Amino acid sequence: MNINKRLNNIQFSKTRNSVCNSSPFFSYRSMKNSLFLTVDGTIPCTHAWKMRILTLNLVRNIQNNCLFHKESNCFLTRNYVMSKIKIDLELLKQNAKNTETATKELFTRFKKKKPKQLDSIVHTLHDEVFEDLDCLECANCCKSISPIVIDKDIERLAKQFRMKPSEFINQYLYMDNENDYVFKETPCPFLMPDNYCMVYENRPRACREYPHTDRKRFYQILDLTLKNTHYCPAVYEVVDRLKKKKEQL
Ligand code: SF4
Ligand code: SF4
């Protein structure tokens, strides 16, 4: 799950903004370019939106706390409140099923002759798709697929809960047919009602890497990607856009 990707580049200021003192999150600094932005419902928030460094949660915070945003049809609210890619998981299942044959055909072609530019095209599509999609509106991977939890993940997670690794295993994990530890339950026990991950900093490596559309040697995970088109709107979108570029491959 790719949540808060954009937050990695932002350091929130501890100070309150002079224009709106209802939210502590109204001033922040982008570490990447050291540009100081204030989000007060006027021009700077438009600027921040254009830079795509606002998270949905921050937008909600603004909407809930700032009278300007509550009372006006402001640019930020109109343009950034929802992911640009509509997340409809029922429609996703249907679309993935309807396009499965075409996806298989494309992937069979890639398996026979691996296109040289495949990784760079898929990685560009990955970046484009995640610019327009907020995982916090989805969390379908956390709701429907259990990640593999390796020993290092278990150590980190057990430490967070001040448990012994064996206690953590007993409480949360079981060993599947392939001898991998996975969560006993789906949705994941650490998924919170607002789709945030309770253990985000210590989440399993498999969660960090999902949905794998930015990994090297993409041709090695074509079967997994086909499966993921049924669960992950981002993967479906990447594959759909990839089909439109198939002449280049
Ligand atoms: S299923 Fe895909 S789009 Fe949805 S939260 Fe997971 S990674 Fe993000
Ligand atoms: S630990 Fe659970 S809630 Fe967190 S990212 Fe992984 S599957 Fe999602």
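Two residues count as in contact here if their C-beta atoms, placed from the backbone, lie within 7 Å. Keep that handy for the exercises below, and remember that this is a predicted model.

**Exercise 1.** Work out which residues Ala-234 is in contact with, leaving aside its neighbours within four places in sequence, and then place Ala-234 in the nonpolar core.

*Solution.* Start with the contacts: Ala-234 meets Val-129, Phe-130, Leu-133, Pro-211 and Thr-213. Next, look at the largest nonpolar core, which holds 32 residues. Ala-234 and Val-238 are the members that touch the most others. Then ask which elements give this core two or more residues: they are α5 (89-98), α7 (118-131), α8 (140-144), α10 (165-172) and α13 (233-244). The largest share, 6 residues, is from α13. Finally, check the domains: domain 2 (89-140 + 211-248) and domain 3 (148-209) each supply at least three residues.

**Exercise 2.** Find the cis peptide bonds at Pro-187 and Pro-211, and say which loops hold these prolines.

*Solution.* Take Pro-187 to begin with. The bond from Thr-186 to Pro-187 is cis, with omega near -5°, and Pro-187 sits in the loop between β5 (181-183) and α11 (205-209). Now go to Pro-211: a cis bond with omega of about 10° links Tyr-210 to Pro-211. This proline lies in the loop between α11 and α12 (222-228), and you've already met Pro-211 as a contact of Ala-234.

**Exercise 3.** Asn-195 and Arg-217 both have positive phi without being glycine. Is each buried, partly exposed or exposed?

*Solution.* Asn-195 has phi of about 75° and belongs to the loop between β5 and α11. Count its neighbours: 19 other C-beta atoms lie within 10 Å, so Asn-195 is partly exposed; buried would take 20 or more. Arg-217, with phi near 55°, is in the loop between α11 and α12. Arg-217 has 9 C-beta neighbours inside 10 Å and therefore counts as exposed.

**Exercise 4.** Describe the shell around ligand 2.

*Solution.* There are 11 residues around ligand 2, and those that come nearest are Cys-142, Cys-188, Leu-191, Cys-197 and Cys-207. Sort the shell by class and you get 10 nonpolar residues, no polar ones and 1 charged.

**Exercise 5.** Decide where to be wary of the coordinates.

*Solution.* The protein chain averages a pLDDT of 76, with 67% of the residues scoring at least 70. Over residues 2-56, though, pLDDT is below 50, while the model gives this stretch 88 contacts beyond near neighbours in sequence. Residues 65-82 also stay under 50, with 31 contacts beyond four places in sequence. Where pLDDT is low, predicted coordinates shouldn't be read in detail.

Methods. Residues are numbered from 1 along each chain as its sequence is written. Chains are lettered from A and ligands numbered from 1 in the order in which they are written. This is a predicted model: local features need pLDDT of at least 70, side-chain atom pairs count only at pLDDT 80 or more; totals for chains, interfaces and linings use all residues. A residue is near a molecule or strand if its C-beta atom, placed from the backbone, lies within 6 Å of it. Ala, Val, Leu, Ile, Met, Phe, Trp, Tyr, Cys and Pro count as nonpolar, Asp, Glu, Lys and Arg as charged, and the others, Gly among them, as polar. Helices (H or I, at least four residues) and strands (E, at least two) are DSSP runs, numbered from the N terminus. A residue is buried if 20 or more other C-beta atoms lie within 10 Å of its own, exposed if 12 or fewer, and partly exposed in between; C-beta atoms are placed from the backbone. pLDDT is the predictor's confidence in each residue, from 0 to 100. A nonpolar core is a set of buried Ala, Val, Leu, Ile, Met, Phe, Trp, Tyr and Cys residues joined through C-beta atoms within 7 Å. Domain bounds come from an automatic or database domain assignment.
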